[in-house]
Amino acid sequence: MRTTTETLRRLARFAVATALLLPMWGYPARAEAVEGRAVEGRAVEGRAVEGRAAEVAARQAHMVRATAVAVDARKDMARLTFTLTAAVAAKAFLLERPDRVIIDLPEVNFQLPKTVGRQPSGKGNFIGSFRFGLFAPERSRIVIDLREPALVSRVETVTTGAGAELVIELNKATRAAYRKAALRPMVDSGDSLPAEPEDTVKPVARGPKNDALPLVVIDPGHGGIDPGAQTGDGVLEKDVVFAFAQRLRERLEESGRYRVMMTRTTDTFIALGARTRMARQAGADLFVSIHADTLGSGAGVRGATVYTGADLATDLESARLADKENLADQIAGVEAAEDPDDIVGILADLTKRETRTFSSSFAGNVIDSFKGTVLLNKNPHRSAGFRVLKAPDVPSVLIELGYLSSAKDAALLVSDAWQNDAANALTEAVRRYFSQRAPTEKAGGVAFSP
């Protein structure tokens, strides 16, 4: 390891020295210097990744695991029983519009098939579906969708010889009883749950430590308890877009031209408003949200689509997709609230107009870079009212890499070769975008150097 590291350092020093001489011969020095730093940086990054993987593995080894779930659903009663390796505290409450039962837990490693809970669990019963996953650091959540009002009559962890069982019992109820119960916490099996998080994790920008460089925020859609779209054989949108976002981050960092931040760096839920707040608070110059959805219009629809924000959608399909994506908070059992706009009056109108112009410009760069590499939808640039694209002062796009409802797209989306090609093309789009911008061009008037 020492020999390899020393070799990399020598290569880096050689690249820097060469970079100082190349301008005399008419060659670009900066690219060579950046490559040298990238070689050494990748070695450091590799060691960091190994360290994080070991840390995650150690934490999961001591985490309570859910290894099975059984559903007993009848006309007026339903029981969900999760098999656990140890007892946990649990708290249940209700949400309306739509009706959902929320079970909050300490962090649990759900080692269950990805398709569990997706389909209705019995004809005629009042449970529609249920899902589970990480909701916030050290907190997991189970969300049960109800077809009809029902109250939680029992939430209890029962110790068994092999570990424990989390038992959740529901009984059908009237609308009036449900509405009254939804106003207060219902059933609590213990008081040892971690405190409610104030907000999501606060990621740190990576890349060269030069605040003059533009900051690109990559937003892998969905995560944690919100799986996003999924195929019949269990491929989840949240996994596909996270893998791609990591590749894109690596390409941008390797260039040495940008600082890069991701809204989530693990499989955890991040509220829609929090994603936008992260970008704004960090002073982002570009926000790129990555998705791979399904469409109800048939499996024949294929190709990448780039969306920009707008008050009115360009077409009905875009409006439906935006409505679907905007339900992410609801899916995770969070009551969505619009963030107040801290830019008001004439300045707000001018800033939003400028931001949307920049967003459309980047969308055009993405489409041009994808041509010949990534299959594009027949109408590749569309607009709709996506909540994650509502930052008034951060140019933002949402990219549907393809559609999991298409078998051909789905096969490409999980391909390493395709993801590499698409990440390279998107990196080129970012380069073109910033090369076209003047040093002081940024919504809000904050300068940067491309």
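**View 1. E250 and R251, sequence neighbours in a salt bridge.** In this predicted model, E250 is partly exposed, at 33% relative accessibility. E250 pairs with R251 in a salt bridge, and their closest N and O atoms lie 3.7 Å apart. What is the relative accessibility of R251, and does R251 count as buried or exposed? At 18%, R251 counts as buried, because buried means under 20% relative accessible area.

**View 2. D329 and R387, a salt bridge across the sequence.** Here the closest N and O atoms of D329 and R387 are 3.2 Å apart, and the two residues form a salt bridge. Where do the partners sit? D329 belongs to helix 7 (residues 328-331), while R387 is found in the loop between strand 15 (376-384) and strand 16 (396-400). The pair therefore ties together parts that are 58 residues apart in sequence. Take a look at the burial of each partner too: D329 is buried at 3% relative accessibility, and R387 is buried with a relative accessible area of 11%.

**View 3. A salt-bridge network that includes R154 and E156.** Salt bridges with shared partners link D72, R74, R79, R154, E156 and E169 into one network. Zoom in on R154 and E156, whose side chains meet in a salt bridge at 2.8 Å, N to O. Both residues can be placed by their accessibility: R154 is partly exposed, with a relative accessible area of 26%, and E156 is partly exposed as well, at 35%. For context, a search of the whole structure turns up 27 salt bridges.

**View 4. An open sheet of five strands.** Follow the strands across this sheet and you will meet them in the order 5-1-2-9-8, with mixed pairing. Which strands form the edges? They are strand 5 (108-110) and strand 8 (150-159), each of which pairs on one side only. From one strand to the next, the twist averages 30°.

**View 5. Strands 1 and 2, side by side in the sheet.** Strand 1 (residues 64-73) and strand 2 (residues 77-84) run antiparallel. How many bridges join these two strands? There are seven. For a handy landmark while you explore this pairing, find A68, which stands opposite T83 in strand 2.

Terms used:
Residues numbered from 1 in each chain as written. Predicted model: local features only at pLDDT ≥ 70, side-chain atom pairs only at ≥ 80, totals over all residues. Heavy atoms only, no water. Pairing = 2+ DSSP bridges. Helix = DSSP H or I, 4+ residues; strand = E, 2+ residues; numbered from the N terminus. Axes fitted to C-alpha atoms, helices over the stretch in contact; angles between N-to-C directions. Salt bridge = Lys/Arg side-chain N within 4 Å of Asp/Glu carboxyl O. Buried < 20%, exposed > 50% of the residue type's maximum accessible area, 1.4 Å probe, protein only.
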